[in-house]
Amino acid sequence: MDFIDQIKQFSKRVEGLKDTIQTEEATKTSIIMPFFSMLGYDVFNPLEFTPEYTADVGIKKGEKVDYAIMNNGEPVVLIEAKWIGEPLNKHDSQLFRYFGTTSAKFGILTNGLIYRFYTDLEEPNKMDSAPFLEINILDLKESQIPELKKFHKTNFNVDEILSVASELKYSNEFKQTFSNELQNPSDEFVKFFLSRIYKGAKTQNVIEKFRPIVKKSLNQFISEMMNDKIKNALSAEETQAPGPSSPAEAEAHEPRIVTTQEELEAYFIVKNLLKDIAPADDIVYKDTETYLSILYTNNVRKWICRVIFNSTSKFLIIPDENKKEQRFTLESIYDIEKFKDQLTEVLKRYL
């Protein structure tokens, strides 16, 4: 079985188990150890995969990290494991303390769903504050699979991983910065565009005036670009498919549902608002003749919201706890961002 197929199979296993795991130890034995076993390590051989590895910190003796991957008797990767329901943000300092006391070049912080990979790019023997790679086992991006594969026992090479770690780290930070700017453009970001198109003084009032315009323009550009890709894909399918044999058949095949650019843009706004709550691939849309519905896991019973756009009005419909429709009038599709808390509450009911 190819590595990518193993990953997909493992992801399905985690999806089925995640809601039943109640403790840190259960997380380790049912998800984390099988994950490293999938990477080729003998998790029951303490000479290769050492549990409770001692990493003395200063005058504190007997400090232990959950696991260490060993090579010729020396740790090369330290692994700190938490319960599957535990956020990781407050635990990186624990791994940070262990990192500088050993010869390990990599640290991994995980709760079985999220895996954060650290090294010492900024200062030797001092773990960076930001990971150079972060994966969500339920939402693994195609571009991340080759990077994860580098940690497989048969491929593991410290120098090779370090050679790409810097690029990965800054690439991830660039993408996160860009995502933040799309949601709330900073003064510097707005000034960057103004410097190319606006000849007047870039006062704070001017920046505030252009901030929503920059935001709207960039989001529209991305939506148009994605819409073009969808159209090109559909055109390619239509080219390959046999055409209708008669005008009557052609009329019967003519689609009555057309997903507009504005509807797609609304979908991407909702998807981006909820990206930290559920995997992006689980937020999908289904268009109808009267509205566009945004669903969780493509389940019509798990609808997050509906949007209705016509020539005169724009509406956002959000279900309450009893699935009763709550209708809100929108001045602009970007008003959807004001309903992030309500949308988050709806999605969490389905998790």
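**Reading one side of a helix, and a sheet**

Modeller: Let's start with helix 1: its buried residues pack against helix 2 and helix 4 (145-149). Helices here are DSSP runs (H or I, at least four residues), strands are runs of E (at least two), and both are numbered from the N terminus. Packing rests on contact, meaning heavy atoms within 4.5 Å. This is a predicted model, where local features need pLDDT of at least 70, side-chain atom pairs count only at pLDDT 80 or more, and totals for chains, interfaces and linings use all residues. Residues are numbered from 1 along each chain as its sequence is written, and side-chain values use heavy atoms, with hydrogens and water left out.

Biologist: Which residues of helix 1 are buried, and which are exposed?

Modeller: First the general idea: an α-helix has 3.6 residues a turn, so residues three or four places apart point the same way. In helix 1, Phe3, Ile7, Phe10, Ser11 and Val14 are buried (under 20% relative accessible area; exposed is over 50%, partly exposed in between, with a 1.4 Å probe and protein chains only). They sit on the same side of helix 1, because they cover an arc of only 110 degrees around the axis, taken from the directions from the helix axis to the C-beta atoms. Gln9, Lys12 and Gly16 are exposed on the other side.

Biologist: Where is Phe35 found, and what is it in contact with?

Modeller: Phe35 belongs to helix 2 (residues 24-38), and it's buried, with a relative accessible area of 0%. Leaving aside neighbours within four places in sequence, Phe35 is in contact with Phe10, Tyr115, Ile135, Ile137 and Leu148.

Biologist: And the sheet: what is the order of its strands?

Modeller: Generally, strands of a sheet pair through backbone hydrogen bonds, either parallel or antiparallel. Here you've got an open sheet of five strands, ordered 7-8-9-10-11, with antiparallel pairing (two strands pair if DSSP finds at least two bridges between them). Strand 7 (283-287) and strand 11 (325-329) are the edges, each pairing on one side only. Strand 7 pairs with strand 8 (residues 292-296) over five bridges, and Tyr285 stands opposite Ile294 in strand 8.

Biologist: Which strands does helix 10 lie across?

Modeller: Helix 10 lies across strand 7, strand 8, strand 9 and strand 10. Thr344 is in helix 10 (residues 340-350), and Thr344 is buried, with a relative accessible area of 12%. Not counting residues up to four places away in sequence, Thr344 touches Leu274 and Ile277.

Methods. Axes fitted to C-alpha atoms, helices over the stretch in contact; angles between N-to-C directions.
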